[in-house]
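Me: I'd like to learn how to read a sheet and its surroundings from coordinates. Can we walk through one together?

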Amino acid sequence: MKRVLIVTPHWPPLTFPDMHRARTALPYMSEFGWKPLILSIDPAEMEGFQDPTLVQTISAETAQWKAGAISKVWTAMLGLNQGGWRSLWHLYRLGGLIIEKEKPDVIFFSTSLFPVMILGPMWKKKYGVPYILDFQDPWVPDRRGLELAATGMKARLSRALDRVMEPYAVKQASHIISVSPAYSEMLSSRYALGPDHFTTLPFGAPESDFKFVADHAIVQNVFRLDDGLRHWVYTGRGGKDLTLSLRAIFLALDKARRQAPNKWNHLRLHFIGTQYAPSPNAPKAIEQLAIACGVGDLVLEKTERIGYLESLRCMLDAEALVIPGSEDPSYTASKIYPCILARKPLLAIFHERSSVCDVLRKTGAGELVTFSDRESSEAVSTRITQNWFDHWPLGSPSTDWNAFSAYTAREMTQKMCQAFQCRIAS
């Protein structure tokens with residue numbers, strides 16, 4: 001059986017989204033001839049919400065190593081508090097020991113802590129092991145991404161370093177996996193890489209996680225089921241790029257309530273975990289937008305993250321699910337798959353060029369409302385009214401599960417392992 005060293009700094013009990021490709025692949029990798037070797041950062045050295053129950057989704061037989069990190073006391077002045085920077089030396093040293101002992105056939109970096117990817121060319125030079133990069137977000141953003149990026153001296157320094165490190169890591173990579181074809185196109189254009197250098201691979205649908213939630217009686221503490229209210233749910237980040245779709249939802253809800261107040265006054269629309277690292281008094285931007293649209297009393301925003309498994313329970317307990325999409329057409333919301341697996345009425349508002357649109361059209365798993373580059377929230381809200389609110393109540397979607405099988409974690413793991421195999425064979 002071939003071996004792959006998977007460098008994924010965030011790992012359970014942490015709950016960051018970038019770890020889920022590797023985590024959901026573990027149950028299937030041996031089936032396709034690969035043994036995973038997991039290298040992460042000690043969660044005690046990392047910030048972020050921790051969900052101890054999530055550790056139970058990892059087989060005790062999985063080979064795992066955890067690297068340390070430099071204390072923030074020494075890195076704070078330079079603005080290099082990100083775990084990827086603080087742990088770089090520890091990962092390099094521990095990873096080298098693993099490579100010498102375990103002799104992996106390939107190294108796979110699956111993370112959004114991009115600085116650790118520079119270890120790929122270092123290990124390749126020293127040990128001759130090919131490496132593959134997994135782009136779940138842009139490392140160096142394009143113009144649209146820069147408009148949304150943080151400002152300030154530390155942020156500018158970080159971006160300057162990124163512009164140096166990305167070509168160093170990308171040009172020597174044996175292959176690149178990305179969640180969106182837009183990321184592949186961007187990197188191909190920057191570094192003159194051919195199409196055979198890339199594999200577009202969304203996250204897989206985590207069917208086993210829903211089974212775990214049911215088998216272990218996971219509960220949620222966000223809303224009650226016996227309060228006489230109807231609860232719709234969105235779990236995931238907020239952000240300025242969601243404003244168009246959020247405003248369209250709220251305008252449509254305001255219109256629906258004005259036409260039938262008794263039907264909609266008992267609705268509560270929950271936005272859960274909208275910030276990655278909120279302060280205790282973090283502003284609730286989504287609630288403020290809802291107030292401006294006249295539905296502030298129906299919208300509840302919880303900026304704090306909750307456990308991943310608890311978020312799945314929220315979906316299962318909800319009457320319906322809502323997903324506001326980004327104005328960025330390259331944005332691929334991996335959360336679409338859990339929403340489909342929850343088997344609830346689903347409203348998704350996405351840019352017409354988003355890959356999410358293809359998934360929903362092929363599977364028929366929910367109500368899709370799209371928008372174009374120059375469209376207004378008012379125009380989109382009209383279609384939401386016509387396609388969703390005017391037809392409520394809706395039953396569970398008539399999902400084509402045969403079509404959906406192409407998006408499962410097992411299917412995505414098979415394609416990932418095929419990419420591994422091709423790289424060591426070339």
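What follows is a chat about the sheet, one of its strands, the helices across it and the cysteines.

Reply: Sure, and keep in mind that this is a predicted model.

Me: Let's start with the sheet. In what order do the seven strands come, and is the pairing parallel or antiparallel?

Reply: Read the order across the sheet, not along the chain. Here the open sheet goes β3-β2-β1-β4-β5-β6-β7, with parallel pairing. The edges are β3 (63-67) and β7, each of which pairs on one side only. On average, neighbouring strands are turned by 20° against each other, ignoring direction.

Me: Zooming in on β6, how many bridges join this strand to β5, and how many to β7?

Reply: β5 (residues 131-135) is joined to β6 by four bridges, and β6 to β7 (residues 198-200) by three. Both pairs run parallel. On the β5 side, Asp134 sits opposite Ile177 and Phe135 opposite Ser178. On the β7 side, Ile176 has Phe198 as its bridge partner.

Me: Which way do the side chains of β6 point, and are they buried or exposed?

Reply: General idea first: side chains in a regular strand alternate between the two faces of the sheet. In β6 (residues 175-178), His175 and Ile177 go one way, while Ile176 and Ser178 go the other. All four of these residues are buried.

Me: How does the chain get from β6 to β7, and what is the handedness of that unit?

Reply: Look for a helix linking the two strands. Here helix α8 (residues 181-191) completes a β-α-β unit with β6 and β7, and the unit is right-handed.

Me: Which strands do helices α1 and α5 lie across?

Reply: For this you check contacts, then compare axis directions. Helix α1 (residues 20-29) lies across β1 (2-7), β2 (34-41), β4 (106-110), β5 and β6, and runs at about 155° to β2. Helix α5 (residues 119-127) lies across β1, β2, β4 and β5, at about 170° to β4.

Me: Last one: how many disulfides does the structure hold?

Reply: Zero. You look at sulfur-sulfur distances, and the cut-off is 2.5 Å. Take Cys314, which is in no disulfide: the nearest cysteine sulfur belongs to Cys339, 12 Å away.

Me: And why do Cys314 and Cys293 count as buried?

Reply: Buried means under 20% relative accessible area. Cys314 counts as buried because its relative accessibility is 0%. Cys293 is buried too, because its relative accessible area is 7%.

Terms used
Residues numbered from 1 in each chain as written. Predicted model: local features only at pLDDT ≥ 70, side-chain atom pairs only at ≥ 80, totals over all residues. Heavy atoms only, no water. Buried < 20%, exposed > 50% of the residue type's maximum accessible area, 1.4 Å probe, protein only. Pairing = 2+ DSSP bridges. Right-handed = clockwise from strand over helix to strand, strands pointing away. Axes fitted to C-alpha atoms, helices over the stretch in contact; angles between N-to-C directions. Contact = heavy atoms within 4.5 Å.
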